[in-house]
Structure formats: structure tokens, C-alpha cells
Amino acid sequence: FFQTHWRVLIEDNYGQTEVGMVLAGGRHLPGYEVCLVDGVLGVNRKSPLFWFQGYLNANKHAEESDVYLTGDHFSRSSDGVYSFSCRKDDVIKARGYRISPSEVEAVFLEHPKVLEACCFGLPAKDGGHTVAVCVVAKPHVSLTSAELYDHCKASMGAHIHPRIKVVREIRKTLSGKAIRRE
């Protein structure tokens, strides 16, 4: 459909429950106007297909804006293609650096004994965060935090080196997303 009607090859798409599918192949779909506000993807509330009126008891100032901020960080190439980076609330600020949990998880997932990884921030004394990772080993495999630390320290800067805990499972929402706040 997209290839035939809009000459767009869909390799990925982006949307939220609140706004529907707004990007496909890194470009906004007809009926939506999008922009970046401090790196966060925004959807123009006056777009023909925008329908979300806001949350009950939410900040009224945010809802009076002409732009709905999705909470997701994106970049935009010179030819107008948007690329997802991470959730705004998932960014970990540690030792003055902004760290993407998904990038840290990717390093752990390269380890041959790792089945799952979940990175999150723990409150630090300096007001920022300490990077932490829970890891699930593949079935019938022995895995230690020390082994994982050796694996990741060669690929990560010293500001990232996380606390590591090997766990039996990572708690998830009904839709399968890791619960990072627990």
C-alpha cells in the first residue's frame, strides 16, 4: 500500500496510543505534522488526524501547547528522515553524561550467554544516577556479574560501567516492555 500509493518503502514505523501511527520509514505520514523540540518528537495538535485531548488531571499548560510532545528522543537527518533514539524518561544522567539504556543493553546482549538485559538508573548521591543492569542468562548456562563486567568494560566508557545483577527474570508490562522503575 505505502509503496504503491506514496512511493515509500516501510522498514519501520512509529506511533503511540495517544496519537496513532505518525512516522513510517522515518517520514511523517499524511495527516500529521511533526517536529523536534529539544530532540523530543512533537506532533502538531492541529494536524488533521490528531485526536488526543489529553489525560485526566494532567498539566493544563502542556495541553494548551500547539505541539504534543511524545516523550521520545529522535534525530532528523539533513534529508528529513527521523530516527528514534530513546524514551525521554529512559535517559540516564550519570556523571554529567546522558546515557541511553538501550545502547547499554545492546552491549550486554552481545555476550553469548545473555538472553535478556534491562538497564536503568539508580539514584546517586550527586543527584544524578548510577547505571545498573539486570541480566537474564540463557537456559542451562552459568553466568556471573564479574564475567559480564569484564565483557562490557572494553566497550563502554568509565562513566557508564554499571552495577550488574544476574536475575531469573525481568519484570514486564502486559505488552512485553521491561519495567525499569522496579
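What covers the buried residues of α3? Keep that question in mind while we take a first look around; the model here is a predicted one.

**The whole protein**

The protein has 182 residues, and 36% of them are buried. Its secondary structure consists of four helices and twelve strands. Among the contacts with a separation of 6 or more, 46% are between residues 24 or more positions apart. The accessible surface amounts to about 11,700 Å², and carbon and sulfur atoms account for 52% of that area.

**Helix α3 and its surroundings**

Now back to the opening question. The cover over the buried residues of α3 includes the strands β8 (92-94), β9 (97-99), β10 (114-123), β11 (129-137) and β12 (163-166), together with the helix α4 (145-153). Helix α3 itself spans residues 101-109, and its buried residues are Pro 101, Val 104, Glu 105, Val 107 and Phe 108. These residues lie on the same side of α3 because they cover an arc of only 155 degrees around the axis.

Two of the names just met return in the largest nonpolar core. This core has 19 residues, and those touching the most other members are Val 104, Phe 108 and Val 135. At least two residues each come from β8, α3, β10, β11 and α4. The biggest share belongs to β11, which gives four residues.

Phe 108 is a good residue to click on. Leaving aside residues up to four places away in sequence, Phe 108 touches Val 114, Ala 117, Val 133, Val 135, Leu 148, Cys 152, Met 156, Pro 162 and Ile 164. There is also a second, separate core of 15 residues, with Ala 24, Tyr 32, Val 43 and Tyr 82 among its members.

**Cysteines and other buried residues**

Do the cysteines stand apart or are they bonded? The sulfur of Cys 118 has its closest cysteine sulfur in Cys 134, 6.5 Å away, so the two are too far apart for a bond. With a disulfide requiring sulfur atoms within 2.5 Å, the count of disulfides comes to zero.

Here are three buried residues side by side.

| Residue | Relative accessibility | Class |
|---|---|---|
| Ser 47 | 3% | buried |
| Cys 118 | 3% | buried |
| Cys 152 | 0% | buried |

Ser 47 sits in the loop between β5 (40-44) and α2 (60-64). Apart from residues up to four places away in sequence, Ser 47 touches Gly 31, Tyr 32 and Glu 33. Tyr 32 is also one of the residues in the second core.

**A sheet of three strands**

Another place to explore is an open sheet with the order β1-β2-β3, in which the pairing is antiparallel. Its edge strands are β1 and β3 (27-28), each of which pairs on one side only.

Strand β1 covers residues 13-16 and has two faces: Tyr 14 and Gln 16 form the covered one, while Asn 13 and Gly 15 form the uncovered one. In a regular strand, side chains alternate between the two faces of the sheet.

A hairpin of three residues links β1 to β2. The two strands run antiparallel and are joined by four bridges, with β2 spanning residues 20-24. Which residue of β2 is the bridge partner of Gln 16? That partner is Gly 20. Asn 13, for its part, stands opposite Ala 24 in β2, and Ala 24 is included in the second core.

Conventions. Residues numbered from 1 in each chain as written. Predicted model: local features only at pLDDT ≥ 70, side-chain atom pairs only at ≥ 80, totals over all residues. Heavy atoms only, no water. Buried < 20%, exposed > 50% of the residue type's maximum accessible area, 1.4 Å probe, protein only. Contact = heavy atoms within 4.5 Å. Pairing = 2+ DSSP bridges. Arc of directions from axis to C-beta. Core = buried A, V, L, I, M, F, W, Y, C linked by side-chain atoms within 4.5 Å. Areas by Shrake-Rupley, 256 points an atom, 1.4 Å probe, with all protein chains shown as cover.
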